[in-house]
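Q: I have a structure open and do not know how to read it. Could we go through its features one at a time?

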Amino acid sequence: VQAHNPEPEATAELPQVEDVRTAMHVTRQRIEGENYKDEPDSEGYKKYHRLLTTEFKNIASLLGAEKPSALPPEKRAAFIKECAQLEVKEDGTIGTKIPF
C-alpha cells in the first residue's frame, strides 16, 4: 500500500511560464488586434503595445516579480486572472474596471 502524496499533483496544476505567455498573447490579441504580431504598423499595436507591456510588468511587480516570466509558480494564476480583466478604459488607457 502506497501513501498518497498530493504534492506532485498540486505542482502539476500550477500554471507554467508558457501559460503566462499565452495569457499575455491572448490579452494582446483582444486589445491590439488578432494579428498584432504580424502588423506592428496597425493602429491597435501602435496605441496599446507599450501600454500593455507596462501593465504586464506592473502586475508582475505587484505580485513580487520584476517581469511576468519571473513570477513564482504560485503567483502565475493571479497574473493570468489579471490579464483576463485588462481592457481599454474610456480614457484610452489600459486597466481593469472597478466594480461599483
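Q: What is the mean pLDDT of the chain, and what share of its residues reach 70 or more?

A: This is a predicted model, and pLDDT is the predictor's confidence in each residue. The mean for the chain is 90, and 86% of the residues reach 70 or more.

Q: Which element of the chain has the lowest mean pLDDT, and which the highest?

A: Helix α1 (residues 7–13) has the lowest, with a mean of 55. The highest belongs to α2, with 98.

Q: Over which residues does pLDDT stay under 50?

A: Where pLDDT is low, the predicted coordinates should not be read in detail. Here that applies to residues 3–10, where pLDDT stays under 50. For this stretch the model has one contact beyond four places in sequence.

Q: How many helices and strands does the chain have?

A: There are four helices and two strands. Going along the sequence, their pattern is α-α-α-α-β-β.

Q: What percentage of the residues count as buried?

A: A residue is buried when its relative accessible area is under 20%. Of the 100 residues in this chain, 27% count as buried. The chain as a whole exposes about 7,300 Å², and carbon and sulfur atoms supply 51% of that area.

Q: Which residues in the largest nonpolar core touch the most other members?

A: The core has 16 residues, and those that touch the most other members are Leu52, Phe56, Phe79 and Leu86. Helices α2, α3 and α4 each supply at least two residues of this core. The biggest contribution comes from α3, which gives five residues.

Q: With which residues is Leu86 in contact, leaving aside neighbours within four places in sequence?

A: The list includes Leu52 and Phe56, two residues already named for the core. Among the others are Thr27, Ile31, Ile59 and Ile94.

Q: How many aromatic pairs are there?

A: A pair of aromatic rings is described by the distance of the centres and the angle of the planes. In this structure the count is one. The pair is made by Phe56 and Phe79, with 6.2 Å between the centres and 55 degrees between the planes, and is classed as tilted. It links distant parts of the chain, with Phe56 in helix α3 (residues 43–62) and Phe79 in helix α4 (residues 73–85), 23 residues apart.

Q: Are Phe56 and Phe79 buried or exposed?

A: Both Phe56 and Phe79 are buried.

Q: How many salt bridges does the structure hold?

A: Side chains of opposite charge can pair when their charged atoms come close. This structure holds three salt bridges.

Q: Where do Glu18 and Arg21 lie, and how far apart are the closest N and O atoms of their salt bridge?

A: Both lie in helix α2 (residues 17–32), three residues apart, which is about one turn of the helix. Their closest N and O atoms are 3.5 Å apart. Glu18 counts as partly exposed because its relative accessible area is 48%, and Arg21 is also partly exposed, at 44%.

Q: Are Glu32 and Arg28 buried or exposed?

A: Glu32 has a relative accessible area of 6%, so Glu32 is buried. Arg28 is buried too, with a value of 9%. Their side chains meet in a salt bridge with an N to O distance of 2.6 Å. They are four residues apart in helix α2, so about one helical turn separates them.

Q: In which helix do Lys47 and Glu43 lie?

A: Both are in helix α3, four residues apart, about one turn of the helix. Their salt bridge has an N to O distance of 3.6 Å. Lys47 is partly exposed, with a relative accessible area of 44%, whereas Glu43 is exposed, at 56%.

Q: How far apart are Val17 and Ser69 in sequence and in space?

A: They are 52 residues apart in sequence, while their C-alpha atoms are 5.8 Å apart in space. Val17 lies in helix α2 and is partly exposed, with 23% relative accessibility. Apart from neighbours within four places in sequence, Val17 is in contact with Ser69 and Arg76.

Q: What share of the contacts with a separation of 6 or more comes from residues 24 or more positions apart?

A: Such residues account for 52% of those contacts in the chain.

Terms used. Residues are numbered from 1 along each chain as its sequence is written. This is a predicted model: local features need pLDDT of at least 70, side-chain atom pairs count only at pLDDT 80 or more; totals for chains, interfaces and linings use all residues. Side-chain values use heavy atoms; hydrogens and water are left out. Rings of Phe, Tyr and Trp (its six-membered ring) pair if their centres lie within 6.5 Å; planes under 30 degrees apart count as stacked, over 60 as edge-to-face and the rest as tilted. Buried means under 20% relative accessible area, exposed over 50%, partly exposed in between (1.4 Å probe, protein chains only). Contact means heavy atoms within 4.5 Å. Accessible areas come from the Shrake-Rupley method with a 1.4 Å probe; for residues, only the protein chains shown count as cover. A salt bridge is a side-chain nitrogen of Lys or Arg within 4 Å of a carboxyl oxygen of Asp or Glu. pLDDT is the predictor's confidence in each residue, from 0 to 100. A nonpolar core is a set of buried Ala, Val, Leu, Ile, Met, Phe, Trp, Tyr and Cys residues joined through side-chain atoms within 4.5 Å.
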